[in-house]
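Hi everyone, thanks for coming. I'd like to walk you through one structure today, going from the overall picture to a few local details. Let me put it up on the screen.

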Amino acid sequence: MSAHKANPGDKKTGFLGIDPNAPLLNPAETGPLELVIPWVVEFRVVGTTDILKAHIEDEVLIGRNDPARGVKPEIDLDPFNGQDKGVSRRHALLYARDNRVLLRDEGSANGTFINGQALIARQDYRLHDGDRVRLGQLELQTHFVIKPTVNEQTVVGMNNLLTVPRIGSGQRILLLDDDVYVLRVIRYVLHNAGFVVIETQSAADAIREIDEALPDILILELLLAETSGLDIIRYVRQKPDGKTLPIMAITTAVAGFKMDEALRQGVDVYLGKPVAVDELLSGVMNMLSSGHGRQEG
């Protein structure tokens with residue numbers, strides 16, 4: 001897994017993971033595909049507004065960069081005063097196995113902790129959404145964004161593989177999210193499920209695509225940096241040919257006003273993050289079969 005620099009316009013976010021410009025697999029003509037689905041995980045550096053994002057497909061090293069010793073961790077904590085806070089060069093490993101994200105201390109000098117509990121070196125511990133991970137004295141808040149399946153149980157031998165059914169036949173899906181790595185994973189899945197996916201990262205781009213040609217399905221994040229996704233939904237629903245367009249909201253706003261308002265404005269399927277890929281596909285399949293019909297996830 002290779003590291004990537006943050007977008008110059010987003011100085012508070014470090015991106016770590018697969019190349020968003022890498023080519024997609026070609027969808028199978030018939031039958032389901034087994035795809036490797038990366039977990040998308042955010043780590044907020046506690047006490048700052050800085051967020052590190054990672055795709056966990058294989059082993060992800062957390063530590064401090066030291067080119068002289070050939071140590072290049074995918075999650076580099078040097079910029080966050082890692083050395084003074086006791087972060088080792090090869091501090092801990094993250095990886096996905098059996099429908100779980102696991103964390104392993106690599107024999108660090110100052111220890112690794114989950115929610116205040118010390119980890120035994122070189123033993124695997126499950127990481128959950130919301131956990132606080134401390135490496136020495138540097139603390140990270142964990143947030144899962146995308147996971148392969150909604151099932152929380154161990155799936156032995158899964159190793160990030162998910163069977164993706166070919167449910168589409170070339171329908172156009174417009175996808176709006178200002179997180180390029182979320183876009184990348186969802187596009188990867190939907191493309192291989194048989195859809196044509198148009199990615200947009202701004203409300204202006206999404207509206208331009210809608211005005212040029214209304215998609216067959218709209219999937220969008222409600223909490224955008226520049227505006228609310230609700231504004232896009234209202235815009236679509238006011239168009240004569242947009243009143244019955246199937247709309248799915250994928251968002252961190254899972255309760256209260258945002259959810260109620262989204263449903264009132266015409267969202268058909270509402271999924272809270274972390275989004276499970278099988279749940280996403282199920283929602284798309286239901287929208288195709290019913291045209292629309294509201295569900296809450």
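So, let's begin with the whole chain. Of the 297 residues in the protein, 51% are buried. Please keep in mind as we go that this is a predicted model. There are five helices and 22 strands in the protein. And if you take the contacts between residues at least 6 apart in sequence, 63% of them join residues at least 24 apart.

Let me start with an open sheet. This one has five strands, in the order β7-β6-β8-β9-β12, and the pairing is mixed. Which strands sit at the edges? They are β7, residues 75-76, and β12, residues 124-127, and each of these pairs on one side only.

Inside that order you'll find β8 next to β9. Strand β8 covers residues 90-97 and β9 covers residues 100-105; the two run antiparallel, and six bridges join them. If you'd like one pair to look for on screen, take Leu-93, whose bridge partner in β9 is Arg-104.

Now look at the loop between β8 and β9, where we find Asn-99. Asn-99 is not a glycine, yet its phi is positive, about 65°. Is this residue buried or exposed? With a relative accessible area of 3%, Asn-99 is buried, because the cut-off for buried is under 20%.

There is another residue of this kind to show you. Arg-122 also has a positive phi without being a glycine, here about 60°. You'll find Arg-122 in the loop between β11, residues 117-118, and β12. Arg-122 has a relative accessibility of 58%, so it counts as exposed.

Next, aromatics. How many aromatic pairs does a search of the whole structure find? Just one. The partners are Trp-39 and Phe-144, arranged edge-to-face, with 5.3 Å from centre to centre and 70° between the planes. What I like here is that the pair links distant parts of the chain: Trp-39 belongs to strand β4, residues 39-45, Phe-144 belongs to strand β14, residues 138-147, and the two are 105 residues apart. Both Trp-39 and Phe-144 are buried.

Let's move along the chain to β16 and β17. These two strands run parallel, with five bridges joining them. To get from β16 to β17, the chain passes through helix α1, residues 180-192, and this β-α-β crossover is right-handed. For a landmark in the pairing, Leu-174 stands opposite Ile-198 in β17.

After β17 comes a loop leading to α2, and Ser-202 is in that loop. Ser-202 has a relative accessibility of 15%, so it counts as buried. A polar atom of the Ser-202 side chain lies 3.1 Å from the backbone nitrogen of Asp-205. What else does Ser-202 touch, if we leave aside its neighbours within four places in sequence? The contacts are Leu-176 and Glu-226.

That brings us to helix α2 itself, residues 203-212. Its buried residues include Ala-203, Ala-206 and Ile-210. They span an arc of only 65° around the axis, and therefore lie on the same side of α2. And what covers the buried residues of α2? The cover includes β16, residues 172-176, β17, residues 196-200, and α3, residues 229-238. So the parallel strands we just met turn up again here, among the elements covering α2.

Staying with α3 for a moment, the loop between β18, residues 217-220, and α3 holds Leu-223. Leu-223 has a relative accessible area of 37%, so it is partly exposed. Here's a pair of distances for you: Leu-223 and Ala-249 are 26 residues apart in sequence, and their C-alpha atoms are 9.9 Å apart in space.

One last stop, and it's a peptide bond. Lys-273 and Pro-274 are joined by a cis peptide bond, with omega at about 5°. Pro-274 is in the loop between β20, residues 269-272, and β21, residues 275-276.

That's the tour. If you want to turn the model yourselves afterwards, I'd suggest looking again at Trp-39 with Phe-144, the edge-to-face pair, and at the buried side of α2 with Ala-203, Ala-206 and Ile-210. Thanks for listening, and I'm happy to take questions.

Terms used
Residues numbered from 1 in each chain as written. Predicted model: local features only at pLDDT ≥ 70, side-chain atom pairs only at ≥ 80, totals over all residues. Heavy atoms only, no water. Buried < 20%, exposed > 50% of the residue type's maximum accessible area, 1.4 Å probe, protein only. Helix = DSSP H or I, 4+ residues; strand = E, 2+ residues; numbered from the N terminus. Arc of directions from axis to C-beta. Contact = heavy atoms within 4.5 Å. Pairing = 2+ DSSP bridges. Right-handed = clockwise from strand over helix to strand, strands pointing away. Polar contact = N/O pair within 3.5 Å; in protein donor to acceptor, adjacent residues only side chain to side chain. Phe/Tyr/Trp six-rings, centres within 6.5 Å; stacked < 30°, edge-to-face > 60°.
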